[in-house]
Each structure stands twice: as C-alpha cells, then as structure tokens.
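The following exercises concern empty space, ring contacts and a buried charge in a protein model. Please work through each task before reading its solution.

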Amino acid sequence: MFTGIVEEVGRVETLDAAGDGMRMSIAAQRVLAGTALGDSICVSGVCLTVAAISDTAFVVDVMPETLSRTKLGLLRLGDSVNLERAVTPATRLGGHIVQGHVDGVALVVRRDRSERWDTFRLALPQGTESYLVEKGSVAVDGVSLTVVGIGADHGGHWFSVSLIPTTLAQTTLGGLAVGDKVNLEVDVIAKYVERLAAGLT
C-alpha cells in the first residue's frame, strides 16, 4: 500500500523485452534506501516488485496484464517516473490509500496555467466515472490529488485537479501537456462500497 506522496522522480535506464512482458531498470536514489528484493515500489502509480537492486537503480518485471492496463508500455529510455516506497505502520498517511492497482489510462484534455497553480482536466476511462466525487481523492500517475470538479460533455466524462507549485516541481505531472496519458487509480473505498451495496439489493 502507498499514500500517493511521491518520494522522488526516477529515470528509465533500460527497457528489455521479457517474453510477452518487459523488464525495466529505473535509476533512483532515495527509494533505494532500505529497499530489498521482493519489496514493492509504486512506479507512476503502478505497484511493482523489486527483482534486482544496485547502488544506483532497481529492476522490475512488468507482466502483460500491466502493460495492457497502464501506460508503462509507452515508456521510453530516459523517461521520468514518479516513485514511492510502500508504507510502513509508522508512515504518515499524507495522501490517501493508494494500492498501485491502476483502473485505467486517462487523457489530459486541458491545462490552465496560473501564477500559483495549474488546473488540469482529464478524460475519464469508461467505467470509472461513478467512483469520483468532488473533493474526493484520486491517484494520477501515483500522485494523490483532490478532485476539484467532475462533469461530462460531448467528449465523455471528465474530472479536474489543481496542482500546487510543489507538486508541479517535484513530480512528473509538471511536464504534462494536452494529449498526454496518465495512470489513474480511483479511491478503493468507493469500489468496496459499490460492491457491498450491490450485494444488498
């Protein structure tokens, strides 16, 4: 489990085909501290298992299911990725409960810049619209954010988030442009509530 508070931005160092999956090496510093083989690291919103580790990087295997449901298959050498180690019992829950289980890929359809923060509008993947509420939580590329608004137009359902200067500077989200894709994870509590309610009817 994670909190959606990015610890550092890593860099894709190698990308190698591994059967119908992929093996990826990510250069990092901070998240390597205390990390061992088999530990989980959230890579731009995707929970991955450390398969190898060195003083400067860690290696993960990405299975076909993950490649089909996330944007990891779009990564190229040198790309930046948001990184967060799994929480411990003593970790402050600064964001919200993030599993690293991506629900779909969202598309950036608008970016409005201001002096102090930027507001993004993202098109929702089909089937996820019922899980977002205004002032609720959402993870975008592994970053815990608050939903500013939700709506629908001729392009389908969308939601918006506002990013403060710290988030723009210390995560990959500051580099997003219209047309970019991001990994989206809705609040898991909403999914459990839906499941429980369905069982009561």
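**Exercise 1.** Determine which residues line the largest cavity, and of which class they are.

*Solution.* Step 1: the lining consists of Phe120, Leu122, Val140, Leu145, Val161, Leu163, Leu173 and Leu176. A cavity is a set of points on a 1 Å grid over the protein atoms alone where a 1.4 Å probe fits but cannot get out, and lining residues have an atom within 4 Å of a point. The model is predicted: local features need pLDDT of at least 70 and side-chain atom pairs pLDDT 80 or more, whereas totals for chains, interfaces and linings use all residues. Residues are numbered from 1 along each chain, and side-chain values use heavy atoms, without hydrogens and water.

Step 2: by class, this lining has 8 nonpolar, no polar and no charged residues.

Step 3: strands β8 (118-123) and β11 (156-163) each supply at least two lining residues; strands are DSSP runs of E of at least two residues.

Step 4: the space in the largest cavity is about 40 Å³.

**Exercise 2.** Establish whether Asp118 is buried or exposed, and what its side chain contacts.

*Solution.* Step 1: Asp118 lies in strand β8. Step 2: Asp118 counts as buried because its relative accessibility is 5%, the limit for buried being under 20% (1.4 Å probe, protein chains only). Step 3: its side chain makes a polar contact with the side chain of Arg111 at 2.6 Å (N or O atoms within 3.5 Å, one able to donate a hydrogen and the other to accept it).

**Exercise 3.** Identify the ring over whose face Arg121 lies.

*Solution.* The ring belongs to Trp158, with its centre at 3.6 Å; the criterion is CZ of Arg within 6 Å of the ring centre and within 35 degrees of the ring normal.

Notes:
On a 1 Å grid over the protein atoms alone, a cavity is a set of points where a 1.4 Å probe fits but cannot get out, and a pocket is an open set with protein on both sides within 12 Å along at least five of seven lines; lining residues have an atom within 4 Å of a point. Grid points are joined across faces, edges and corners, and a volume is the space filled by probe spheres set on the points. Helices (H or I, at least four residues) and strands (E, at least two) are DSSP runs, numbered from the N terminus. Ala, Val, Leu, Ile, Met, Phe, Trp, Tyr, Cys and Pro count as nonpolar, Asp, Glu, Lys and Arg as charged, and the others, Gly among them, as polar. Buried means under 20% relative accessible area, exposed over 50%, partly exposed in between (1.4 Å probe, protein chains only).
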